[in-house]
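Visitor: I'm new to this one and would like a close look at a single part, the sheet. Could you walk me through how the strands are arranged and what sits around them?

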Amino acid sequence: MRIYSGNMRGEKYLGNKRKLEIHDLDNEKSLCLVNNIVFAKQDVPFNSLNEARKQQYKNCSYCIGNLNR
Ligand SMILES: [Zn+2]
């Protein structure tokens with residue numbers, strides 16, 4: 001589910017700044033705990049996976065999987 005709080009303004013991808021992990025909010029799983037990330041103020045918005053990769057973010061294995069392997 002897209003998020004409109006914290007740093008998020010409805011972007012497709014949410015990065016966890018502390019763990020350097022990227023989540024796909026259109027395929028979010030309960031194990032992603034994205035609300036906790038926003039609550040902890042570790043959320044970074046991304047519009048594309050490429051953008052996140054350039055900043056060394058890794059795919060969340062629950063909602064994206066290891067597509068880059
Ligand atoms: Zn995830």
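Guide: Let's start with contacts along the chain. This is a predicted model, and in it 67% of the contacts with a separation of 6 or more join residues 24 or more positions apart. Keep that in mind as we turn to the sheet.

Here's the cast: the protein has two helices and four strands. Going from the N terminus, the elements run β-β-α-β-α-β. The order within the sheet is another matter: the four strands line up as β3-β1-β2-β4. The sheet is open, and its pairing is mixed. At the edges you'll find β3, covering 43–46, and β4, covering 58–59, and each of these pairs on one side only. As a bit of background, strands of a sheet pair through backbone hydrogen bonds, and they can do that either parallel or antiparallel.

Now zoom in on one pair. Strand β2 takes up residues 21–24, and its pairing with β4 is parallel, over two bridges. To find the spot by eye, look for isoleucine 22, which stands opposite asparagine 59 in β4.

Next, follow the chain on from β2. In the loop between β2 and α1, the helix at 34–39, you come to leucine 33. Its backbone is worth a pause: leucine 33 has a positive phi of about 55°, although it is not a glycine. Most residues other than glycine have a negative phi. As for its surroundings, leucine 33 has 16 other C-beta atoms within 10 Å, so it counts as partly exposed.

Carry on past α1 and there's another such case. Lysine 41 is in the loop between α1 and β3, and it has a positive phi of about 60° while not being a glycine. Lysine 41 has 10 other C-beta atoms within 10 Å, so this residue is exposed; the cut-off for exposed is 12 or fewer. From that loop the chain goes on to β3, one of the edge strands.

Finally, step back to the whole protein. Of its 69 residues, 23% count as buried. The C-alpha atoms fill a box of roughly 30 × 25 × 20 Å, taken along the principal axes. The radius of gyration is 10 Å, which agrees with a compact globule, because a globule with 69 residues would have a value near 11 Å.

Key: Residues numbered from 1 in each chain as written. Predicted model: local features only at pLDDT ≥ 70, side-chain atom pairs only at ≥ 80, totals over all residues. Rg over C-alpha atoms; globule rule 2.2 N^0.38 Å. Buried ≥ 20, exposed ≤ 12 C-beta atoms within 10 Å, placed from the backbone. Contact = placed C-beta atoms within 7 Å. Pairing = 2+ DSSP bridges.
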